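Trainee: I would like a close look at one part here: the aromatic rings. Please start with the rule for a pair, then show what surrounds them.

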Amino acid sequence: MFGLINLTQLQRLVLGIFVLLLVDIIWVASAELTKYLFDEYKKPFFSTYLKTSMFLIYLVGFIFWKPWRAQCKKKSGVYDQTDSNDGSSERLLSEPVYVPIKFDDKNSGHESEDSTSLGNERAVRFNSVSEVRQLSESQAEDAALARLSYSATMRAEEARLRAMSKLPIEHVAKLSIIFCVLWFFANLAYQEALKDTEAGIVNVLSSTSGLFTLVLAAFFPSSKGDKFTLSKLVAVLISLGGVVLVSVGDLKIEQFPWGAFWSLGGAIVYALYLVSLKRKVDNEDKLDIPLFFGFVGLFNLLIMWPGFLILHFTKAEIFQWPTGKEWLYLVANGLIGTMLSEVLWLWGCFLTSSLMATLSLSLVIPLTMLADAFVREVKDYNWEFYVGTVPVFLSFFAVGVLSHYENWDPVLVGLKKIMHCITRWRLEVRLRDLDREQTEGLLSVNPNDPRIETT
């Protein structure tokens with residue numbers, strides 16, 4: 001995506017961290033807008049359905065983006081090698097096109113005079129049209145590559161391999177049908193949890209998505225960056241502990257919060273969505289991300305609308321048309337907080353790892369509170385908030401370092417060194433005991449024995 005194929009692994013990691021932090025800032029602004037919206041319009045299903053359906057706007061790119069239209073015009077197969085097994089060259093060429101020929105009358109006149117002067121009775125008659133055939137796309141491309149320089153050929157070959165590895169439109173559409181449902185229910189679960197449960201409890205339970213992502217990525221790895229290590233587990237637990245400290249002021253549990261089930265369910269589905277997608281598509285060059293989300297919006301619009309009828313008649317969520325002001329908030333939140341941020345967030349996931357992308361969600365909590373502290377001048381946060389912010393950020397950058405050094409597990413190395421020191425100390429103690437036993441005499445000695453000389 002964006003022609004960044006030549007970036008090194010470190011450059012990709014730095015760019016991915018920057019993109020994820022940018023997404024966090026967008027989400028903070030979106031969260032502030034959602035607070036105003038939910039004070040007046042508490043309709044989680046309608047809000048999620050509208051914002052997800054707005055991904056459909058990306059499909060307008062078919063009008064302006066020529067490569068998308070070119071994929072629709074391509075045939076399902078490129079060049080079938082079996083077609084040329086019969087030795088016929090007709091299959092390699094297009095249908096003939098006849099082009100009129102313009103003769104040079106002056107030159108042709110000289111030729112006729114020469115022929116008559118030689119006394120040759122035979123005359124040469126030229127056709128007035130020429131037959132033109134074109135090579136097939138694959139053969140013409142190979143012929144064009146053969147005329148390039150070595151460096152230009154290598155660049156063209158890399159571009160062709162990237163184009164061949166990119167998923168065609170029909171595969172992207174099939175992929176979006178599956179992940180449309182997962183993405184919708186993950187976001188719906190978070191919205192439903194916020195409706196009936198304290199924000200602190202929802203944030204703590206939603207942050208467990210990093211733990212689920214780590215476990216699922218260990219069983220279904222898509223790259224070396226998703227490898228399970230003890231250090232990543234410790235980083236996730238530290239991040240979770242920091243979220244608990246940040247949200248401790250909002251943890252007011254008087255009775256069992258049923259929204260906790262929504263929070264945990266959303267965390268599991270979100271982790272499943274991310275790990276499964278990254279396993280299907282391990283590199284951003286294989287998937288056109290805006291096209292993918294465009295189909296997600298289309299299938300969301302076509303599949304999820306019966307939910308309005310079910311929720312309305314069961315009175316779980318009575319349908320109510322938003323006011324003009326509420327429409328403005330919904331559309332603005334959908335354009336910036338959903339359409340733009342989700343594309344950037346998935347791109348950042350491909351640049352880094354699925355675990356880093358999930359942990360970046362936890363950064364929204366302290367960033368939102370910091371925005372309240374500096375923008376709204378809210379100063380009633382306790383010391384737990386400021387202490388908990390530090391491990392949340394440190395764990396995020398720690399996972400970034402661990403993703404870069406894929407085979408480095410400092411926690412495991414430290415535990416091994418500690419175990420080595422303990423076993424070495426026990427071995428030294430055991431050796432001292434053995435040395436003491438070996439230096440003892442086997443026979444008892446009488447000091448009054450005259451045979452023993454004393455000096």
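Mentor: Two rings of Phe, Tyr or Trp pair if their centres lie within 6.5 Å, with the six-membered ring standing for Trp. Planes under 30 degrees apart count as stacked, those over 60 as edge-to-face, and the rest as tilted. This is a predicted model. By that rule the structure holds 23 aromatic pairs.

Take one pair first. Phe45 and Phe184 have ring centres 5.5 Å apart, and their planes meet at 75°, so the pair is edge-to-face. Phe45 sits in helix α2 (residues 44–53) and Phe184 in helix α8 (residues 169–196), so the pair ties together parts 139 residues apart in sequence. Both Phe45 and Phe184 are buried.

Helix α8 supplies a ring to another pair as well. Phe179 pairs with Phe292, again edge-to-face, at 6.5 Å centre to centre and 65° between the planes. Phe179 belongs to α8 and Phe292 to helix α13 (residues 289–303), so this pair ties together parts 113 residues apart in sequence. Buried means under 20% relative accessible area. Phe179 has 2% relative accessibility, so it counts as buried. Phe292 is buried too, because its relative accessible area is 1%.

Now widen the view. Phe179 and Phe292 belong to a cluster linked by ring pairs. Its other members are Trp27, Phe55, Tyr58, Trp183, Tyr270, Tyr273, Phe293 and Trp345.

The cluster shares names with the core. In soluble globular proteins, nonpolar side chains tend to be buried together. Here the largest nonpolar core has 62 residues. Within that core, Tyr273, Phe292, Phe293, Trp345 and Leu346 touch the most other members. Look at Tyr273. Set aside its neighbours within four places in sequence, and Tyr273 is in contact with Phe179, Leu182, Trp183, Phe293 and Trp345. A second core stands separate, with 10 residues. Among them are Tyr41, Phe45, Leu50 and Met304.

Phe45 also leads to empty space. Rolling a probe the size of a water molecule over the atoms shows where such space is left. The structure holds one cavity of 30 Å³ or more. The largest cavity has about 50 Å³ of space. Several aromatic residues help to line it, including Phe45, Phe46, Phe308 and Phe319. The lining also takes in Lys43, Leu311, His312, Glu317, Ile318 and Gln320. The elements that give two or more residues to this lining are α2 and α14 (306–313). Helix α14 gives the most, with three residues.

What follows α14? A loop runs between α14 and α15 (324–351), and Lys315 is in it. Lys315 is not a glycine, yet has a positive phi of about 60°. Most residues other than glycine have a negative phi. Lys315 is exposed, because its relative accessibility is 67%.

For contrast, consider a site without a ring at its centre. Ser239 lies in helix α11 (residues 230–247). Ser239 counts as buried, because its relative accessible area is 2%. Apart from neighbours within four places in sequence, Ser239 is in contact with Leu359, Ser362, Pro391, Val392 and Ser395. Ser239 and Ser395 are 156 residues apart in sequence, but 5.7 Å apart in space, C-alpha to C-alpha.

Helix α18 (residues 383–404) covers the stretch with Pro391, Val392 and Ser395. This helix has 22 residues and reaches 33 Å from its first C-alpha to its last, close to the 32 Å expected. Pro391, Val392 and Ser395 are among its buried residues. So are Phe385 and Phe396.

Last, the setting. The protein has 19 helices and two strands. Of its 455 residues, buried ones make up 36%. Count the contacts with a separation of 6 or more: residues 24 or more positions apart account for 88% of them.

Conventions:
Residues numbered from 1 in each chain as written. Predicted model: local features only at pLDDT ≥ 70, side-chain atom pairs only at ≥ 80, totals over all residues. Heavy atoms only, no water. Helix = DSSP H or I, 4+ residues; strand = E, 2+ residues; numbered from the N terminus. Expected span 1.5 Å × (residues − 1). Buried < 20%, exposed > 50% of the residue type's maximum accessible area, 1.4 Å probe, protein only. Core = buried A, V, L, I, M, F, W, Y, C linked by side-chain atoms within 4.5 Å. Contact = heavy atoms within 4.5 Å. 1 Å grid on protein atoms, 1.4 Å probe; cavity = no way out; pocket = protein on both sides within 12 Å on 5 of 7 lines; lining within 4 Å. Points joined across faces, edges and corners; volume = space filled by probe spheres on them.
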